[in-house]
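These are my notebook entries on one protein model. I looked up a few helices, strands and single residues in turn.

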Amino acid sequence: MICPILCCGGENETRQTAACQEEDNLIEYSSNLHVSHYKSGYYIKITNPWKGGSLGEFYLYPDTLELPDELSAKQIIRTPVKSVVAYSSTQWSVFQRLGELERVKGILESNYTDNPQIKQLIADGKMSDVGTESKINIEKVIDIQPDVILYTPYPTIQDNKIGELTGAVMLPFADYLENHPLGRAEWLKIIGCLTCREQETDRWFNDIATNYESIKSLCRNATDNPTVFSDLPFDGQWYVPGGKSYIAQIFSDAAADYVWKDNDATGSLPVDAETVLAKAGDADFWRIMNSTDTPYSYERLSVENELFTYYKAFKNRNVIVCDVRESAYFENAQYEPDVMLKDFATIFHPDLFEDNYQPKYFHLLNE
């Protein structure tokens with residue numbers, strides 16, 4: 001159903017608009033996000049994955065047009081937004097990609113990014129670090145007077161009072177809850193709507209999806225599916241991704257056999273070291289994320305835990321590593337699932353891809 005821009009009033013218009021909101025969904029892969037046209041703006045609904053219903057419903061409407069009477073009691077965001085506080089790098093990185101970073105006036109935990117533009121904006125006083133998710137500096141947020149606060153929702157923290165104190169619209173950015181790589185990337189469309197750059201974000205996402213599906217299709221030609229497991233223990237406990245998780249989906253699309261694929265969990269599972277060794281000891285590949293200043297090496301792994309040397313992937317030098325700082329993984333990888341997929345696919349199935357491919361996020365550990 002293609003919904004027209006409605007200009008007349010009355011009961012018939014209201015019914016037609018409601019039908020548009022339900023049927024004219026511009027979102028294809030995300031399971032928690034609904035975006036549809038509403039007259040000259042957009043209607044956005046964000047699903048509550050824990051309790052059902054929604055985390056919020058919002059109407060985005062151009063600030064150059066008079067607001068329709070029927071929206072007077074709704075949550076309204078006038079677009080393009082002029083001032084935003086962004087809790088996560090997955091939010092502000094889209095503003096940056098669009099050349100709209102000047103709209104982001106506040107972020108959290110700027111000390112965790114090496115992004116030179118962010119650091120310069122903080123140093124110049126054009127952007128503020130407003131604290132951490134557990135300790136927001138309310139005074140700084142009030143000084144910013146943001147139109148919108150893009151926050152990360154959690155099951156135990158849903159009734160956020162910061163909006164009431166600051167007057168900002170609280171928009172839950174639930175991208176991390178998506179388990180399909182393209183579903184997570186699709187959240188960039190929200191930033192497009194907020195900045196009135198939706199045509200560009202649509203093209204951007206369509207390119208991502210086309211590339212991803214093309215690589216996935218090529219992987220179907222693989223003659224074998226190597227086994228793979230993921231992550232490292234913390235305080236003696238492994239937290240391995242569930243079989244329906246984000247990374248498990250990428251492994252599957254790269255034609256790899258994830259050792260916990262039969263598990264139905266979407267998050268991480270606590271598993272003891274003995275169980276991991278028994279289940280993953282003979283896996284062909286082992287994927288590790290590194291966020292420390294010291295690069296990983298096989299020697300470092302063996303010193304860290306002697307049991308690591310018993311894994312087949314360790315013995316055969318098939319450990320896959322991502323340096324999250326060097327690659328700006330947390331800022332950019334979400335919007336490059338096609339690149340991540342190709343990184344893994346070229347490692348699992350080098351015969352299917354060009355020899356000179358240079359991985360961006362994940363590479364085999366060489367020494």
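**Entry 1: helix H10 and the sheet beside it**

I began with helix H10, residues 273–280, in this predicted model. H10 lies across strands E14 and E16, and the helix runs at about 100 degrees to E16.

I then asked in which order the strands of this sheet stand. The order is E13-E14-E16 in an open sheet of three strands, and the pairing is antiparallel. I noted that strands of a sheet pair through backbone hydrogen bonds, either parallel or antiparallel.

Next I looked up the edges of this sheet. Strand E13 (233–234) and strand E16 (268–272) each have a single partner strand, so one side of each has no neighbour in the sheet.

I looked at the pairing of E14 with E16 as well. Strand E14, residues 237–241, is joined to E16 by five bridges, and the two run antiparallel. Across this pair, Trp238 stands opposite Val271, and Pro241 stands opposite Ser268.

Which residues of E16 lie on its covered face, and which on its uncovered face? Leu269 and Val271 form the covered face, whereas Ser268, Pro270 and Asp272 form the uncovered one. I recalled that in a regular strand the side chains alternate between the two faces of the sheet.

**Entry 2: strand E10**

I turned to strand E10, residues 148–151, and found that both of its faces are covered. Val148 and Leu150 are buried on one side, and Ile149 and Tyr151 are buried on the other.

I then looked up the partners of E10. Strand E5 (residues 84–86) pairs with E10 in the parallel sense over three bridges. Strand E11 (residues 169–172) also runs parallel to E10, and four bridges join the two. Ile149 of E10 has a residue opposite it in each partner: Val85 in the pairing with E5 and Met170 in E11.

**Entry 3: helices H8 and H9**

I looked up how H8 (residues 198–219) and H9 (residues 246–253) pack. Their axes are 9 Å apart, at an angle of about 55 degrees. The two helices are therefore oblique to each other.

I listed the residues that meet. Tyr212, Lys216 and Cys219 come from H8, and Gln249, Ile250 and Asp253 come from H9. By class, this contact has three nonpolar, one polar and two charged residues.

Why do I call H9 largely enclosed by the rest of the structure? Six of its eight residues are buried, so the description follows. The buried residues of H9 are Tyr246, Ile247, Ala248, Ile250, Phe251 and Asp253. After H9 comes Ala255, with a positive phi near 60 degrees.

**Entry 4: Ile250**

I chose one residue of H9, Ile250, for a separate look. Its relative accessible area is 0%, so Ile250 counts as buried, the limit being under 20%. Leaving out residues up to four places away in sequence, Ile250 touches Pro181, Tyr212, Met340, Leu341 and Phe344.

I also looked up its separation from Pro295. Ile250 and Pro295 are 45 residues apart in sequence, and their C-alpha atoms are 24 Å apart in space.

**Entry 5: Lys189**

Is Lys189, in helix H7 (residues 188–195), buried or exposed? Lys189 is buried, at a relative accessible area of 9%. I noted its contacts, again not counting residues up to four places away in sequence. Lys189 touches Leu26, Ile27, Thr201, Asp202 and Phe205.

**Entry 6: cysteines**

How many disulfides does the count give? The count comes to zero, with a disulfide taken as two cysteine sulfur atoms within 2.5 Å. Cys193 is in no disulfide, and the nearest cysteine sulfur, that of Cys196, is 8.6 Å away. Cys193 counts as buried, at 6% relative accessibility.

I then looked up Cys322. Its closest cysteine sulfur is that of Cys219, and the distance of 18 Å is too far for a bond. Cys322 also counts as buried, at 0% relative accessibility. I noted that Cys219 had appeared before, among the H8 residues that meet H9.

Technical notes. Residues numbered from 1 in each chain as written. Predicted model: local features only at pLDDT ≥ 70, side-chain atom pairs only at ≥ 80, totals over all residues. Heavy atoms only, no water. Axes fitted to C-alpha atoms, helices over the stretch in contact; angles between N-to-C directions. Parallel < 35°, antiparallel > 145°, perpendicular 65-115°, else oblique. Contact = heavy atoms within 4.5 Å. Nonpolar A, V, L, I, M, F, W, Y, C, P; charged D, E, K, R; others polar. Buried < 20%, exposed > 50% of the residue type's maximum accessible area, 1.4 Å probe, protein only. Pairing = 2+ DSSP bridges.
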